[in-house]
Amino acid sequence: MSGIRRRDRHGHGMRGPLAWPRVPLMTSRARVFDEMVLDAVASLERRLERQLDGLEVAVEDVPPSDPSPWETRVALGRLFPAQGSLPTRVVLYRRPLETRAQDPAELAAMIYEVLAEQVASMLGMDPEDLF
């Protein structure tokens with residue numbers, strides 16, 4: 001014998017992955033969330049009829065543990081104005097948004113809403129103009 005095992009101890013052969021790469025199981029929730037954010041950014045740019053140049057959109061799992069004084073509940077997103085060489089940033093918090101949504105369609109709508117509110121604040125617009 002060469003010492004190479006071709007079967008597991010139950011004689012069923014080698015195990016493979018549970019899902020192949022093209023199966024949705026292989027797509028993580030974080031990746032699906034990121035794709036929803038990109039779709040929301042594209043939709044917002046179409047609504048504004050312009051590119052949001054100079055805006056950086058980021059996703060973090062949870063907000064920092066030290067809330068701002070004006071926040072009475074968990075933040076869903078924040079706007080960070082440009083400082084020095086850093087561009088204006090909008091940060092969306094994945095876990096708080098996911099826990100509030102009942103299904104993927106509602107999550108996508110919430111992502112757009114939070115992003116639109118932050119961008120409206122940045123541009124000095126009424127958020128209702130972006131819905």
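# Exercises on a predicted model

Read along the sequence, the chain follows the pattern α-β-β-β-α-α. The model is predicted. Each exercise below comes with its solution.

## Exercise 1: The inventory

Find how many helices and strands the chain has, and what share of its residues is buried.

**Solution.**
- Step 1. Count the elements: there are three helices and three strands.
- Step 2. Turn to burial. Of the chain's 131 residues, 31% count as buried.
- Step 3. Check the contacts with a separation of 6 or more. Residues 24 or more positions apart account for 55% of them.

## Exercise 2: The sheet

Work out the strand order of the sheet and name its edge strands.

**Solution.**
- Step 1. Take the order. The sheet is open, has three strands and runs 1-3-2. The pairing is mixed.
- Step 2. Find the edges. Strand 1 (55–60) and strand 2 (77–80) each pair on one side only, and these are the edge strands.
- Step 3. Add the twist: from one strand to the next, the average is 20°.
- Step 4. Take the pairing of strand 1 with strand 3. The sense is parallel, over six bridges. Val59 has Leu92 in strand 3 as its bridge partner.
- Step 5. Take the pairing of strand 2 with strand 3, residues 88–93. The sense is antiparallel, over four bridges. Leu79 stands opposite Val90 of strand 3. Phe80 stands opposite Arg89, also in strand 3.

## Exercise 3: Cover on the sheet

Decide whether strand 3 is mostly covered or mostly open, and find which strands helix 1 lies across.

**Solution.**
- Step 1. Look at strand 3 residue by residue. Five of its six residues are buried, so the cut-off of under 20% relative accessible area is met by those five. Strand 3 is mostly covered.
- Step 2. Place helix 1. This helix lies across strand 1 and strand 3.
- Step 3. Read the angle: helix 1 runs at about 155° to strand 1.

## Exercise 4: Two glutamates

Are Glu45 and Glu98 buried or exposed? Locate each one and list its contacts beyond four places in sequence.

**Solution.**
- Step 1. Locate Glu45: this residue is in helix 1.
- Step 2. Apply the cut-off. Buried means under 20% relative accessible area. Glu45 has 18% relative accessibility, so Glu45 counts as buried.
- Step 3. List the contacts of Glu45, leaving aside neighbours within four places in sequence. They are Arg50, Gln51 and Leu52.
- Step 4. Locate Glu98: this residue sits in helix 2.
- Step 5. Apply the cut-off again. Glu98 has 18% relative accessibility, so Glu98 is buried.
- Step 6. List what Glu98 touches, not counting residues up to four places away in sequence. The partners are Arg29, Phe33 and Leu107.

## Exercise 5: The second largest pocket

Describe the second largest pocket by its volume, its lining and the helices that supply the lining.

**Solution.**
- Step 1. Give the volume: about 210 Å³.
- Step 2. Count the lining. There are 14 residues, and Arg29, Val32, Glu98, Pro104 and Leu107 lie nearest the centre.
- Step 3. Sort the lining by type. Six residues are nonpolar, four are polar and four are charged.
- Step 4. Trace the sources. Helix 1 (29–48), helix 2 (94–100) and helix 3 (104–123) each supply at least two lining residues. Helix 1 gives the largest share, four residues.
- Step 5. Link back to Exercise 4. Glu98, among the residues nearest the pocket centre, touches Arg29 and Leu107, among others.

Methods: Residues numbered from 1 in each chain as written. Predicted model: local features only at pLDDT ≥ 70, side-chain atom pairs only at ≥ 80, totals over all residues. Heavy atoms only, no water. 1 Å grid on protein atoms, 1.4 Å probe; cavity = no way out; pocket = protein on both sides within 12 Å on 5 of 7 lines; lining within 4 Å. Points joined across faces, edges and corners; volume = space filled by probe spheres on them. Nonpolar A, V, L, I, M, F, W, Y, C, P; charged D, E, K, R; others polar. Pairing = 2+ DSSP bridges. Axes fitted to C-alpha atoms, helices over the stretch in contact; angles between N-to-C directions. Contact = heavy atoms within 4.5 Å. Buried < 20%, exposed > 50% of the residue type's maximum accessible area, 1.4 Å probe, protein only.
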